[in-house]
Amino acid sequence: MHNLRAFFRRFRVFLLFVLLQVFALSNYFSSLNFPRSQYLTTASAVAGSFLSIEYEFTKHWNLSSNNEKLQKENIRLRKKNPNTFIRLNNGIVKINDTLFKQQYDYIPAVVINSTFDKRNNYFTLNIGSSKGVKRGDGVFSDKGIVGVIHNTSANYAVVKSVLTADINLDVMIENSGAFGLLKWNGSSARIGSIDGISNDIKIKKWSKVVTRGGSGIFPRGIMVGRILKLGTVEGKPLWDVSLVYSEDYRKIQNVYIVKNLFQEEQSKLEETIPEDKEE
Amino acid sequence: MRLILVQLFRFLFFVLAQSLIFNQLEVGLGIHPMIYPLFIVLLPFEINAILLLLIACIMGLSIDALSNTYGLHTSSLLVLAYLRPFIFKIFAPRDGYDSNKEGSISEMGQRWFIYVFGILLLIHHFWFFMFEMFKWNEILFIFQKTILSLPISYLLCILLQVVFVSKPKER
């Protein structure tokens, strides 16, 4: 007993160091995939309010270019408005049926804090669970996808952006239909890569990459980027596809959150699929 | 009392400057300047090692909370705080440390500061980037980030001391 007490007294600094280190690193590694709490992130009320104050000062830097972007998007949507078209085929009866049900809901948000140069980049949004945002909702901008909601508090939300190591969104190449998982290797904020496309599929350079809509986070067909170059993976029959993102994440400001109203139904159905039993 | 107030003010300054200014400075090539290790080095020489670890932990957690790193800054700052007494002992002046002084460049001299702060900052940066990547095939990227960020952080820390810390002493 005496020896034990002496041992603790002798190594108390080292033991405290190990204890705190284990706490910090375990929190780090577990929170990369599933945040334990909202308190140690920018979703917390204190950190969020600091960042909103900062945003009040810095929001003007990209304001004109962002306004221009929004204006362009408005024009694009306005062109789809029925009022801009003259009806050519007057004879045909238009059937206005009600066989549509809303599947996706959109909420506008503003990015108040973002980084693009770290290994894992998270964006902070100015709205949170009080506006109906929840973990797992998709985030995109007018030019392309942004990420997935990682963590929320009442008034703020943290987005795990596509600039993280294990974002793994399912994307596809628009005209060939080949699909894979989106990855980011951390070197440039403009370049991402797709993993898992078999190398017997022909892929054209500069073909569009869009979301596949498989996991139900994003609707099908939201722009991701364009194919930049193809390489081969050593020892595997796969393409090493790099793509250039259509959105410039260095200047991002206005985003939309997409909520899939059928998400629960889909995941409940997919839970009934039996797991692969390998040996 | 005055000492505690000064340290508290410095603590706030370093946390806010790191998370609101230096985390946003993204110049490319993976350069990530980190200035908050300077706070731990500038704490008084005779501080208790346990208190040092606890201060480092609180500081790391507050920076983590403002930059979404979930404990990465805490972990690397703890390493720095744990190793500080050992490095200080190796580079101790012949007649020990003067408890009236602090480990700044103006009070301990350039030679002492370059060695002590350089070694501690190198360990801190390497630890940080190692756990940020944590993959063998990105080891070159880890070295690149460490080697490029280190001089920038170092120069910023010296500049900060020249601007803020160094004051005429009349003790």
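Here are some questions and answers on a predicted model of two chains, A and B.

Q: How many helices and strands are there in chain A?
A: Let's start with chain A, which has 279 residues, 42% of them counted as buried. Its C-alpha trace spans about 100 × 50 × 40 Å along the principal axes. The tally for chain A is 5 helices and 12 strands.

Q: Among the contacts in chain A with a separation of 6 or more, what percentage comes from residues 24 or more positions apart?
A: The contacts in question join residues of chain A with a separation of 6 or more. Pairs 24 or more positions apart account for a share of 62%.

Q: How much area do chain B and chain A bury between them?
A: The contact draws 37 residues from chain A and 38 residues from chain B. On the side of chain B, Glu26(B), Asn68(B) and Tyr70(B) lose the most area to chain A, together 25% of what that side buries. Carbon and sulfur atoms carry 65% of the area buried between the two chains, which is about 3300 Å².

Q: Which residue of chain B forms a salt bridge with Arg119(A)?
A: The count between chain B and chain A is 1 salt bridge. Side chains of opposite charge can pair when their charged atoms come close. Here the closest N and O atoms are 3.1 Å apart, and the partner of Arg119(A) is Glu138(B).

Q: Which helix of chain B gives the most residues to the side that touches chain A?
A: Across this interface, 8 residue pairs are in polar contact. Helix 1 (2-22), helix 3 (49-67), helix 4 (72-90), helix 6 (110-133) and helix 7 (139-165) of chain B each supply at least two residues of the side that touches chain A. With 10 residues, the one that gives the most is helix 3.

Q: How many residues are nonpolar on the side of chain B that touches chain A?
A: The residues of this side divide into three classes. The charged class has 5 and the polar class 11, while the nonpolar class has 22.

Q: Which helix supplies the largest share of the largest nonpolar core?
A: This core has 63 residues, and those with the most contacts inside it are Phe14(B), Phe39(B), Ile40(B), Leu53(B), Met59(B) and Phe117(B). Helix 2 (12-33) of chain A gives two or more residues to the core, together with helix 1, helix 2 (37-42), helix 3, helix 4, helix 5 (105-108), helix 6 and helix 7 of chain B. The largest share is 10 residues, from helix 6 of chain B.

Q: How many residues are in the second, separate core?
A: Among the members of this second core are Val111(A), Val133(A), Ile149(A) and Val255(A). In soluble globular proteins, nonpolar side chains tend to be buried together. The second core has 45 residues.

Q: Which residues are in contact with Ile40(B), leaving aside its neighbours within four places in sequence?
A: Ile40(B) is one of the residues with the most contacts inside the largest core. With the sequence neighbours set aside, its partners are Leu52(B), Ile55(B), Ala56(B), Leu77(B), Leu80(B), Ala81(B) and Arg84(B).

Q: Does Ser153(B) count as buried or exposed?
A: Ser153(B) is found in helix 7 of chain B. Leaving aside neighbours within four places in sequence, Ser153(B) is in contact with His32(B), Pro33(B), Met34(B), Leu121(B) and His125(B). Because its relative accessibility is 0%, Ser153(B) counts as buried.

Q: How many residues apart are Glu247(A) and Lys69(A)?
A: These two form a salt bridge, with the closest N and O atoms 3.2 Å apart. Glu247(A) lies in the loop between strand 11 (238-245) and strand 12 (254-260), whereas Lys69(A) is in helix 4 (residues 63-79) of chain A, so the pair links distant parts of the chain. The spacing is 178 residues.

Q: Why does Lys69(A) count as buried?
A: Lys69(A), Asp142(A) and Glu247(A) are linked in a network of salt bridges. Glu247(A) is buried, with a relative accessible area of 1%. Buried means under 20%, and Lys69(A) counts as buried because its relative accessibility is 16%.

Q: Which residue forms a salt bridge with Asp166(A)?
A: Asp166(A) is partly exposed at 28% relative accessibility. Its partner is buried, with a relative accessible area of 10%. The closest N and O atoms of the pair are 3.5 Å apart, and the partner is Lys160(A).

How values were computed: Residues numbered from 1 in each chain as written. Chains lettered and ligands numbered in written order. Predicted model: local features only at pLDDT ≥ 70, side-chain atom pairs only at ≥ 80, totals over all residues. Heavy atoms only, no water. Contact = heavy atoms within 4.5 Å. Buried area = accessible area lost by both parts, 1.4 Å probe. Salt bridge = Lys/Arg side-chain N within 4 Å of Asp/Glu carboxyl O. Polar contact = N/O pair within 3.5 Å; in protein donor to acceptor, adjacent residues only side chain to side chain. Helix = DSSP H or I, 4+ residues; strand = E, 2+ residues; numbered from the N terminus. Nonpolar A, V, L, I, M, F, W, Y, C, P; charged D, E, K, R; others polar. Core = buried A, V, L, I, M, F, W, Y, C linked by side-chain atoms within 4.5 Å. Buried < 20%, exposed > 50% of the residue type's maximum accessible area, 1.4 Å probe, protein only.
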